[in-house]
Amino acid sequence: MRSIISIQARACVHSTVRGKYRGSCAVLRWSSTEARQWSTPLAKQLSEAITATGPIPLAAFMRMCLTSDLGGYYMSKKDGRDPFGQKGDFITSPEISQIFGELIGIWFVAEWMAQGRKSKGVELVEIGPGRGTLMDDMLRTIRNFKPMASSIEAVYMVEASPSLREAQKQLLCGDAPMTETSVGHQSISKYANLPIIWTENIRFVPSDQDKSPFIVAHEFFDALPIHAFQSISPSDSAQETIQTPTGEHKLTPETAKRQLKSPQWREMVVSPTPPGATHADLHTPKPLQSSIAPPEFQLTLSKSATPHSLYLPEISPRYRALKFLPDSLIEISPESHAYAQEFARRIGGSKEAPKKEPSGAAIILDYGPSDTIPTNSLRGIREHKRVSPLYSPGLVDLSADVDFTALAEAALGASPGVEVHGPVEQGQFLLSMGIKERAEMLMMGLKEEEKRKGVEGAWKRLVDRGGSGMGKVYKAMAILPESGGRRRPVGFGGDVEG
Ligand code: SAH
């Protein structure tokens, strides 16, 4: 995830941008897991599982690497540190400048005003809150808008990592105790007597037709697992078997016949590299070879269909159109679709259970293309450097581009009560939210020149459209109650109203 930025928190800035990784397609050979020394316990476990069931989808590999209880990237502190900041692996916008969170807070206030200033039933929900910095900056800002602040009934934090949950609790609640509840954990905000509730998935956040959820997901979607597919022409693709977790099975004669006639999708799958394989054998891209051992895993194209390759690329006309262009590559993140659907249903209700009055808003900030389908976008980051995503499972941050159009499609398909605005470039969003003016105000209050320079470097970094800036690659997209297109939200071409 994240363009990597080797900078100190909330100060000035030097950076490297995450690039694309092309998975090597070295031929799969089986290896014994017995004698081999694995870099992490998770690497050993993955290799044993793959030896038992065959190569696994990239999504399964990514999920294990990021959130496995056995040393997943987010699940434990590495050498006592979390992933963020100069000592960590990367840095994110809220950690660069407090203004980022302040403006997201103001965006919610503007939405709350535009939706009739509800006096109760407002919930703040953050998905993947990292160190909790964004929510802290938002709460501090919203506190200044008393009528909205008093309409907030609870803050929900959706967080998979126990150690980050603890860090968030320290920042938001100080020494207040944290108790276990039926949905997760709970404490009390230091700002007001506001309950802060942690769950591991948005599904556990209570859903109530009368509530107005204001949801933010910053650099969350890029951490969700992706499936990757390539279309192959009919002559290469005729297969009579399908690869499943229980091994290879014969296809029905009808499916096999259909496959003979038309191009097919094949899924990228992960398997251990042969013992002793070198970077050259594995075709590791040169920039990713630096001073680290060759990756222990490799990406190959499944030689037969998988349950995912038969199903996922058929769910949208965007993917179906590419099937007939041989060698097309696509990435699909079903978990991301599920989250976008969940946001939409909570704001707008569903066809089965329409909401009396759609209300609330979601803002998604992340990186990825505005309208194309991501390809070859999996990347690994360690200590502010790009490394192979197939290296040292659990020690490397994995992320992939977010498919904003797919999120919009998922949201609109899930709820008749919502509309989607954007994506717009982060630079454009933040500038129209007043980042420059806010930074100037902050700088006026600072006596030391160095600190003023820090604030200036940071805000410019967030909006810079150049190679090392975050203004262009990062995008903002909003899901709002349906208004027949009559109202545009602030930051997306609209004005503050209400
Ligand atoms: N929004 C923060 C952190 C981004 S890092 C910031 O911008 O600084 C991604 C965050 O999502 C981390 O808090 C990580 O623990 C969490 N996360 C990653 N995968 C998750 C999952 N599947 N479910 C819930 N949280 C997840």
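User: What makes the place of serine 392 a loop position, and between which strands does that loop run?

Analyst: In this predicted model, serine 392 lies in the loop between β16 (385-387) and β17 (397-399). Its number, 392, falls outside both of those ranges. The phi angle of serine 392 is near 40 degrees, which is a positive value in a residue other than glycine.

User: Where is asparagine 376, and what is its phi angle?

Analyst: Asparagine 376 belongs to the loop between β14 (361-367) and β15 (379-382). Its phi is near 45 degrees, a positive value, and asparagine is a residue other than glycine.

User: Which kind of peptide bond leads from glycine 422 to proline 423, cis or trans?

Analyst: That bond is cis, with omega near 5 degrees. Proline 423 itself is part of strand β18 (residues 418-425).

User: Why are helices α16 and α17 called roughly antiparallel?

Analyst: The axes of α16 (residues 435-444) and α17 (residues 449-463) cross at roughly 170 degrees. Angles over 145 degrees count as roughly antiparallel, and α16 and α17 are therefore described in that way. The two axes come within 9 Å. On the side of α16, the contact is made by Ile435, Lys436, Ala439, Leu442 and Met443. On the side of α17, Arg452, Val455, Glu456, Trp459, Leu462 and Val463 take part. These residues divide into 8 nonpolar, no polar and 3 charged.

User: How many residues surround the ligand, and which are the closest?

Analyst: The ligand is surrounded by 20 residues, and the closest are Thr92, Gly128, Gly130, Glu159 and His218.

User: What makes the approach of glycine 128 to the ligand a polar contact?

Analyst: A polar contact requires a pair of N or O atoms within 3.5 Å. A backbone N or O atom of glycine 128 lies 2.7 Å from a nitrogen atom of the ligand, so this pair meets the requirement. Two further pairs can be set against that cut-off. A polar backbone atom of glycine 130 is 2.9 Å from an oxygen atom of the ligand, and a polar backbone atom of alanine 160 is 3.3 Å from a nitrogen atom of the ligand. Taken alone, the ligand exposes 570 Å², of which the protein buries 95%.

Conventions:
Residues are numbered from 1 along each chain as its sequence is written. This is a predicted model: local features need pLDDT of at least 70, side-chain atom pairs count only at pLDDT 80 or more; totals for chains, interfaces and linings use all residues. Side-chain values use heavy atoms; hydrogens and water are left out. Axes are lines fitted to C-alpha atoms, for helices over the stretch in contact, and angles run from 0 to 180 degrees between N-to-C directions. Helices (H or I, at least four residues) and strands (E, at least two) are DSSP runs, numbered from the N terminus. Angles under 35 degrees count as roughly parallel, over 145 as roughly antiparallel, 65 to 115 as roughly perpendicular and the rest as oblique. Contact means heavy atoms within 4.5 Å. Ala, Val, Leu, Ile, Met, Phe, Trp, Tyr, Cys and Pro count as nonpolar, Asp, Glu, Lys and Arg as charged, and the others, Gly among them, as polar. A residue is near a molecule or strand if one of its heavy atoms lies within 4 Å of it. A polar contact is a pair of N or O atoms within 3.5 Å; within protein, one must be able to donate a hydrogen and the other to accept it, and residues adjacent in sequence count only if both atoms are side-chain atoms. Accessible areas come from the Shrake-Rupley method with a 1.4 Å probe; for residues, only the protein chains shown count as cover.
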